[in-house]
Amino acid sequence: MIEARHLRVLRAVATTGSFSAAARDLGCTQPAVSQQMKALESSAGTPLLIRTGREMRLTQAGEALVRHASGILAGLTAAEEEVAAIAGLRAGRVRLVSFPSGSSTLVPGALAALRAAHPGTRVSLVDAEPPRSVEMLRDGDCDIALAFRYGVPGGEWDDLVVRPLLADRLIGLVPEGHRLAGADSVGIGELADEPWIAGCPRCRRQLVEVCEASGFTPRIDFATDDYPAVIGLVGAGLGVAVLPELAIESVRPKGARTVAVEPAVEREIVALTLPDLARVPAVAATLDQLSLAAAR
């Protein structure tokens with residue numbers, strides 16, 4: 001194994017022509033230079049220098065190694081500088097995946113703050129709902145996944161670093177002219193006979209579970225992953241819905257009214273990453289900014 005420090009010594013000897021002059025350039029002793037040259041020749045498995053009296057010249061192998069040493073040492077220096085920049089948040093890249101309502105509410109403020117604090121750190125953003133976003137994280141296709149879950153944690157993320165962000169309550173949506181449009185809160189059983197508009201698959205499952213716990217199965221006339229479409233369908237009088245508060249914040253409800261729904265149901269919003277990635281400065285800084293954005 002050829003070490004970089006030995007290459008630096010060889011280059012200094014080749015440039016200065018002697019061990020003593022190389023030692024002065026390198027700021028070490030002549031015996032130290034001699035010892036490192038012996039170690040390098042041992043690693044190379046062949047002589048690199050020919051010593052004749054006070055003169056010293058490179059062997060063919062020595063010339064070849066010096067010729068490559070400059071590029072190797074330059075590349076190593078560049079690599080060290082790049083790593084130092086990443087470690088110091090003067091550079092770096094974070095690949096973020098988020099569900100749509102998180103992308104439109106939590107992410108913009110977090111990334112604006114991150115850019116202001118660390119302008120050299122670049123973040124890419126892709127939309128994906130869990131569990132797909134979590135699969136992308138485990139497959140190495142992203143560094144942070146903004147995700148959500150309902151109910152008591154069931155160990156699905158035990159292998160990940162989980163940064164809790166906020167509890168996102170489900171809010172009812174009814175058309176403006178609906179009989180319950182002016183109510184402060186509505187028991188979900190009061191909507192048992194209504195046509196329903198359901199959201200993403202995970203939210204859809206949660207809706208069915210909540211309704212069945214209240215003694216009825218919702219009649220779902222429309223289902224779409226597009227939250228603005230859900231709100232538009234409610235606003236057109238085609239049914240009722242429950243949506244996470246973040247989703248409603250991201251869209252101006254036109255023709256629809258929000259009502260509190262009882263019993264209260266919340267989804268937990270979290271940022272996920274892998275244990276090794278959590279120690280990367282740019283990833284850690286992004287997680288911190290997501291936490292701050294959620295607290296505002």
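This passage describes the nonpolar cores, two helices, two strand residues and the cysteines of a predicted model.

The largest nonpolar core holds 56 residues. Within this core, Ile144, Leu146, Leu165 and Trp196 touch the most other members. Helix 10, residues 281–295, gives the most to the core, with seven residues. A second core is separate and has 18 residues. Ala23, Leu40, Leu48 and Leu58 are included in that second core.

Isoleucine 144 has contacts in several parts of the sequence. Leaving out residues up to four places away, isoleucine 144 touches Val94, Arg95, Leu96 and Val97, among others. Leu137 is also on its list, as are Ala271, Leu272 and Thr273. Val283, Thr286, Leu287 and Leu290 are further contacts of isoleucine 144; helix 10 spans residues 281–295.

Threonine 273 belongs to strand 12, which covers residues 266–273. The residue is buried, at a relative accessible area of 1%. A polar atom of the threonine 273 side chain lies 2.6 Å from the backbone oxygen of aspartate 143. Beyond residues up to four places away in sequence, threonine 273 touches Leu137, Asp143, Ile144, Leu160 and Val161. Ala278, Val283 and Leu287 are also in contact with threonine 273. Leu137, Val283 and Leu287 are thus listed for threonine 273, and they are listed for isoleucine 144 as well.

Valine 162 sits in strand 6, residues 161–175. Its relative accessible area is 30%, and it counts as partly exposed because buried residues fall under 20% and exposed ones over 50%. Neighbours within four places aside, valine 162 contacts Arg149 and Trp157. Val270, Ala271 and Leu272 are also in contact with valine 162. Isoleucine 269 lies 107 residues from valine 162 along the chain. Their C-alpha atoms are separated by 10.0 Å.

Helix 4 comprises 28 residues, 60–87. Its end C-alpha atoms are 40 Å apart. This agrees with the expected span, because 1.5 Å a residue should also give 40 Å. The helix nevertheless bends by about 30° at alanine 69. Alanine 69 is buried, as are Gly62, Leu65, Val66, Leu73 and Ala85. The buried residues of helix 4 pack against helix 1 (4–16), helix 3 (30–44) and strand 2 (55–58). An α-helix has 3.6 residues a turn, so residues three or four places apart point the same way. Leu65, Ala69 and Leu73 are among the buried residues of helix 4. Just after helix 4, leucine 89 adopts a positive phi of about 60°.

Helix 5 has 18 residues, 100–117. From first C-alpha to last, helix 5 reaches 25 Å, close to the 26 Å expected at 1.5 Å a residue. A kink of about 45° lies at valine 107, shortly before proline 108. Valine 107 is buried. Other buried residues of helix 5 include Ser101, Gly102, Ser103 and Leu106. Ala110, Ala113 and Leu114 are buried too.

The structure holds zero disulfides. A disulfide is a covalent bond between the sulfur atoms of two cysteines. For cysteine 200, the closest cysteine sulfur belongs to cysteine 203, at 3.0 Å. That distance is too far for a bond, because a disulfide requires sulfur atoms within 2.5 Å. Cysteine 200 is buried, with 1% relative accessibility. Cysteine 28, by contrast, counts as partly exposed, at 30%.

Key. Residues are numbered from 1 along each chain as its sequence is written. This is a predicted model: local features need pLDDT of at least 70, side-chain atom pairs count only at pLDDT 80 or more; totals for chains, interfaces and linings use all residues. Side-chain values use heavy atoms; hydrogens and water are left out. Helices (H or I, at least four residues) and strands (E, at least two) are DSSP runs, numbered from the N terminus. Buried means under 20% relative accessible area, exposed over 50%, partly exposed in between (1.4 Å probe, protein chains only). A polar contact is a pair of N or O atoms within 3.5 Å; within protein, one must be able to donate a hydrogen and the other to accept it, and residues adjacent in sequence count only if both atoms are side-chain atoms. Contact means heavy atoms within 4.5 Å. A nonpolar core is a set of buried Ala, Val, Leu, Ile, Met, Phe, Trp, Tyr and Cys residues joined through side-chain atoms within 4.5 Å. The expected span of a helix is 1.5 Å times one less than its number of residues. The bend at a residue is the angle between axes fitted to the seven residues ending there and the seven starting there.
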